[in-house]
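Colleague: Please take a close look at a single part of this model. I would like the strand pairing and the charged side-chain contacts treated together.

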Amino acid sequence: MAKWIAQGIGFALFAFGIGYFSMAPAYHYLESEQGLLRLSISHAGQIVGACRERSAEELAKLPHNMRALQECPRERSPVTVELELDGRLLHHEVALPSGLSRDGASTVYRRFPLRAGEHRLTVRLDDSARIPGFNYQRSEIIQLRPSQVLIIDFNPQQGGVLIK
């Protein structure tokens, strides 16, 4: 009988512990006067080299299923991202392409807790090793409210750098 009582007390303590730790201690995602800037980009850079036309002799040497008129390199350019906040460099990163042949997407994910208020944000992105400088740039004044999350994304079909 004592064994059953001890087991019941053990289960009660375990249930109490789970109940307590599911509610406390309180977790605060951000400080009360902070917002969050989230940089989340997955983009395949431009192809490193230019495509070239194959000659008729080269095409004749290839099997029928491999006779593409152009030969293009697979490797992609690394993607360089810079964030500037209120005139100072907040983040600089060069993301290498994924994959064994370096032909996949480059991925960048970072979080920046910031004080709420007005900020000037500049985002620069370079996805070409052949063209010097940044291909895409966006600069704007943002109003960051407490607990607000702003996401920086990239979509070339929608104009490049997006701040949502």
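Modeller: I start with a side chain that is neither buried nor fully open: Arg110 is partly exposed, at a relative accessible area of 35%. The model is a predicted one, and the values below are computed from it.

Arg110 has a salt-bridge partner in Glu93, with 3.2 Å between the closest N and O atoms. Glu93 belongs to strand β5 and Arg110 to strand β6 (residues 106-115), so this contact ties together parts that are 17 residues apart in sequence. Unlike its partly exposed partner, Glu93 is buried, with a relative accessible area of 14%. The cut-off for buried is under 20% relative accessible area.

Strand β5 leads to the sheet. Four strands make up an open sheet, ordered β5-β4-β7-β8, with antiparallel pairing. The edges are taken by β5 (88-95) and β8 (136-144); each has a single partner strand, so one side of each is left without a neighbour in the sheet. On average, neighbouring strands of this sheet are turned by 15° against each other, direction ignored. The partner of β5 is strand β4 (residues 79-85), and the two pair in the antiparallel sense over seven bridges. Within strand β4, Thr80 stands opposite Val94 of β5.

Strand β4 also carries acidic side chains that reach to strand β7. Glu82 and Arg124 meet through their side chains in a salt bridge, 3.2 Å from N to O. Glu82 is in strand β4 and Arg124 in strand β7 (residues 117-126), so the contact ties together parts that are 42 residues apart in sequence. Both ends are shielded by the 20% criterion: Glu82 is buried at a relative accessible area of 16%, and Arg124 is buried at 15%.

Arg124 has a further salt bridge, to Glu84, where the closest N and O atoms are 3.1 Å apart. Here too the link runs from strand β4, which holds Glu84, to strand β7, which holds Arg124, so parts that are 40 residues apart in sequence are tied together. Glu84 is partly exposed, with a relative accessible area of 22%.

In general terms, side chains of opposite charge can pair when their charged atoms come close. The structure holds eight salt bridges, among them Glu82 with Arg124, Glu84 with Arg124 and Glu93 with Arg110. Elsewhere in the list, Arg52, Glu58 and Glu71 are joined into one network by salt bridges that share partners.

How values were computed: Residues are numbered from 1 along each chain as its sequence is written. This is a predicted model: local features need pLDDT of at least 70, side-chain atom pairs count only at pLDDT 80 or more; totals for chains, interfaces and linings use all residues. Side-chain values use heavy atoms; hydrogens and water are left out. Two strands pair if DSSP finds at least two bridges between them. Axes are lines fitted to C-alpha atoms, for helices over the stretch in contact, and angles run from 0 to 180 degrees between N-to-C directions. A salt bridge is a side-chain nitrogen of Lys or Arg within 4 Å of a carboxyl oxygen of Asp or Glu. Buried means under 20% relative accessible area, exposed over 50%, partly exposed in between (1.4 Å probe, protein chains only).
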